[in-house]
Amino acid sequence: MAGGVVIVLMALVAVLADFLAPFSYTKTNFGALNEFPSRDHLLGTDALGRDLLSRMIYGARISMVVGLGAQVIVVLIGVPFGALSGYIGGRVDIALTRFIDVMYAFPRLLFVILVMSALGAGLLNIFIAIGLTGWVGIARQTRAQVLSLKEKEFVEGARALGAGYVRVLRRHVMPNALTPIVVAVTFGIPEAIFTEAALSFIGVGINPPTPSWGQMVGEGQQYLRSYWHLCVFPSIAIAVTMLSFTFFGDGVRDALDPKMQ
Amino acid sequence: MFEYAVHRLLWLIPTLLAMALVTFLVMHATPGSPLDPIAEGANPLSPDAQKNLAAQYGLDKPLHQQFGIFLAKAVRGDFGQSFIYKTRTVSEILRATFPISLLLGSIALAIAVTGGLVLGILAAVYQNRGWDYVSVTVATVGVAVPNFVLAVFFIILFSFVIPLFPTGGWDSPRNWVLPAVTLALGPMGIIARFTRASMLEVIRADYTRTARAKGLAEIPVIFKHAFKNALIPIVTLLGPLCAAVGTGSFFVESIFRVPGMGRFFVESMTGRDYPMIMAVILTYGVFLAIMNLLVDLTYGVLDPRIRY
């Protein structure tokens with residue numbers, strides 16, 4: 001529950017960033033470099049004199065967009081892939097599962113970094129990179145669900161009434177396979193947020209000057225001893241966000257799947 | 001079981017081939033080439049010099065030939081020269097750095113497994129009481145918070161506020177503590193969560209009740225009867241956890257300045273160091289595949305019901 005509240009707050013901050021942020025995230029002030037938190041700059045300023053609080057508020061936007069947007073791509077690729085593989089079965093299934101297995105064997109973050117360095121930094125490319133690598137888990141899960149559902153009587157009934165592949169899958173199988181997919185998506189959101197932060201941390205994520213929490217931690221970490229605030233506040237933001245989404249995911253799972261404890 | 005192991009090992013070959021091919025294609029689809037100057041905005045090399053360099057590294061051949069040559073050499077453990085560290089071969093760099101990453105990873109995994117099991121057992125035995133909350137909190141923080149964020153907090157807490165450990169380096173075991181713990185916390189959380197769930201299930205099983213009913217003390221009930229059976233599902237976790245530790249070590253290594261393999265990976269990516277990228281990805285791939293195989297075989301040993 002608390003997780004949900006924090007997420008709603010975060011989403012509000014992300015949407016209202018233009019009204020909430022006291023400064024522009026690109027506005028530099030060379031008279032006030034690396035300032036510690038004060039009344040003018042509540043969380044201090046960074047190495048270019050930019051207001052840290054404003055940058056963090058805009059950073060929330062990036063995190064939320066990546067978290068949600070990447071999941072859309074993941075679902076769009078993973079669910080049809082898994083559903084078709086499970087439903088058609090036979091050779092198609094064998095071929096698709098082999099492919100899934102190979103993708104699964106890839107160290108995921110390595111692959112994301114590889115794709116990112118191929119595509120170059122940028123928000124759209126982050127979506128693509130996470131989408132290309134993240135669908136495997138959901139595809140597996142969907143396939144398993146469809147495999148067990150397609151033998152059920154009601155699916156057979158639908159087929160007996162003459163419903164085609166697409167209709168059976170869409171109207172009869174998928175609605176019943178939805179629960180684990182929803183759970184997987186809620187856990188996928190923090191994972192995507194983490195991936196973006198991690199990519200930006202090593203410098204292949206979001207393009208500067210767009211602020212991203214991960215990038216702020218990465219840059220601030222070099223001055224940790226002298227200017228702790230540069231690194232600590234974005235770190236806290238990432239930690240709180242990730243924790244909220246995890247709690248939220250736990251809650252969703254418990255609510256949707258009473259068997260899991 | 002022997003047959004099964006051989007079968008799995010054989011499957012490793014196409015998997016690795018596919019992995020090498022995907023990496024190779026993505027790498028060469030990348031804009032920019034290793035012949036570009038390393039410094040940003042520097043003048044490009046003269047076309048002649050570029051041609052010579054390309055010929056030396058075999059970059060002038062068509063892609064399928066390049067891939068073939070790579071494979072033929074890689075099988076013999078020869079990954080060629082690094083493009084960035086021009087005087088060293090990739091194998092040399094890997095030989096120097098992989099053991100360090102392996103040591104860091106092993107320490108972290110050892111901490112994760114011990115800590116995770118202890119926390120999980122405590123949580124299950126004292127379900128919904130003090131210990132349970134402590135362990136669930138630690139587990140959730142470990143799972144949810146990225147390790148580079150944890151690293152920041154640890155450095156501030158244990159290097160600045162309480163100067164117990166150095167902020168980085170790899171010279172003495174004292175340097176090992178912070179990176180290993182940072183790396184361990186995530187996997188530890190996962191293990192703790194699974195142990196708790198699995199223990200709770202087993203504690204309610206009939207054979208545990210029987211053990212209690214025949215008058216056994218609590219300790220042997222927990223460790224001899226419950227824990228052994230609860231362990232089985234946890235073993236499957238170890239494969240993915242090795243992967244998590246492996247990739248996690250990039251961030252941890254670069255923050256704590258550990259001279260391991262992880263640091264070279266990011267560097268090779270941005271520097272288009274083709275031989276290095278291939279070598280690092282394949283090393284991880286082989287390592288993970290072997291760990292997964294070992295885990296699956298252990299599973300069979302622990303649970304005699306499983307037949308291959």
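**Exercise 1. Asp51(A) in its loop**

In this predicted model, work out whether Asp51(A) is buried or exposed, and say where Asp51(A) is found in chain A.

*Solution.*
- Step 1: Start with the neighbour count. Asp51(A) has 25 C-beta neighbours inside 10 Å.
- Step 2: Compare that count with the cut-off. A residue is buried if 20 or more other C-beta atoms lie within 10 Å of its own, so Asp51(A) counts as buried.
- Step 3: Place the residue. Asp51(A) sits in the loop between helix 2 and helix 3 of chain A.
- Step 4: Look for a partner from elsewhere in the sequence. Phe23(A) is 28 residues from Asp51(A) in sequence, while their C-alpha atoms are 6.5 Å apart in space.

**Exercise 2. Two residues of chain B to set beside it**

Apply the same test to Phe2(B) and to Arg257(B), and say where each residue is placed.

*Solution.*
- Step 1: Phe2(B) belongs to helix 1 of chain B. With 7 other C-beta atoms within 10 Å, Phe2(B) is exposed.
- Step 2: Now compare sequence and space. Phe2(B) and Leu297(B) are separated by 295 residues in sequence, and by 9.6 Å from C-alpha to C-alpha.
- Step 3: Arg257(B) lies in the loop between helix 10 and helix 11 of chain B. Its 14 C-beta neighbours inside 10 Å make Arg257(B) partly exposed.
- Step 4: Check the backbone too. Arg257(B) has a positive phi of about 50°, although it is not a glycine.

**Exercise 3. The faces of helix 1 of chain A**

Which residues of helix 1 of chain A are buried, and which on the other side are exposed?

*Solution.*
- Step 1: Check the helix length. Helix 1 of chain A covers residues 2-15, 14 residues in total, and reaches 20 Å from its first C-alpha to its last, close to the 20 Å expected at 1.5 Å a residue.
- Step 2: Pick out the buried residues, which are Gly3(A), Met10(A) and Ala14(A).
- Step 3: Look down the axis. The buried residues of helix 1 of chain A fall within an arc of 40°, so they line one face of the helix.
- Step 4: Turn to the other side of helix 1 of chain A, where Ala2(A), Val5(A), Val8(A) and Leu12(A) are exposed.

**Exercise 4. Helix 5 of chain B and its cover**

Find the buried residues of helix 5 of chain B and what covers them.

*Solution.*
- Step 1: Compare the span with expectation. The 15 residues of helix 5 of chain B should span 21 Å at 1.5 Å a residue, and the end C-alpha atoms are 21 Å apart, which agrees.
- Step 2: List the buried residues of helix 5 of chain B: Ser135(B), Ala139(B), Gly142(B) and Ala144(B).
- Step 3: Identify the cover. From chain A it includes helix 8 and helix 10 (228-256), and from chain B helix 4 (90-125) and helix 7 (173-203).

**Exercise 5. Where the chains touch**

How many residues does each chain bring to the contact, and which helix of chain B gives the most to the side of chain B that touches chain A?

*Solution.*
- Step 1: Count both sides. Chain A brings 31 residues and chain B brings 33 residues.
- Step 2: Rank the helices. On the side of chain B that touches chain A, helix 6 of chain B gives the most, with seven residues.
- Step 3: Sort that side by residue type. The residues of chain B that touch chain A comprise 25 nonpolar, eight polar and no charged.
- Step 4: Move to the largest nonpolar core, which has 135 residues. Among the members that touch the most others are Ala198(A), Val217(A), Phe148(B) and Val280(B). Helix 8 (residues 165-202) of chain A supplies the largest share of this core, 15 residues.
- Step 5: Zoom in on one member. Leaving out residues up to four places away in sequence, Ala198(A) touches Leu109(A), Gly214(A), Pro146(B), Phe148(B) and Phe251(B).

**Exercise 6. The chains as wholes**

How many helices and strands does each chain have, and where is confidence lowest in chain A?

*Solution.*
- Step 1: Chain A has ten helices and zero strands, and chain B has twelve helices and zero strands.
- Step 2: Buried residues make up 46% of the 261 residues in chain A. In chain B, 35% of the 308 residues count as buried.
- Step 3: Chain A averages a pLDDT of 79, with 89% of the residues scoring at least 70. Confidence in chain A is lowest in helix 2 (residues 17-20), at a mean of 71, and highest in helix 3 (residues 52-88), at 85.
- Step 4: Keep a reading rule in mind. Where pLDDT is low, the predicted coordinates should not be read in detail.

Terms used: Residues are numbered from 1 along each chain as its sequence is written. Chains are lettered from A and ligands numbered from 1 in the order in which they are written. This is a predicted model: local features need pLDDT of at least 70, side-chain atom pairs count only at pLDDT 80 or more; totals for chains, interfaces and linings use all residues. Two residues are in contact if their C-beta atoms, placed from the backbone, lie within 7 Å. Helices (H or I, at least four residues) and strands (E, at least two) are DSSP runs, numbered from the N terminus. Ala, Val, Leu, Ile, Met, Phe, Trp, Tyr, Cys and Pro count as nonpolar, Asp, Glu, Lys and Arg as charged, and the others, Gly among them, as polar. A residue is buried if 20 or more other C-beta atoms lie within 10 Å of its own, exposed if 12 or fewer, and partly exposed in between; C-beta atoms are placed from the backbone. The expected span of a helix is 1.5 Å times one less than its number of residues. The arc is that of the directions from the helix axis to the C-beta atoms. pLDDT is the predictor's confidence in each residue, from 0 to 100. A nonpolar core is a set of buried Ala, Val, Leu, Ile, Met, Phe, Trp, Tyr and Cys residues joined through C-beta atoms within 7 Å.
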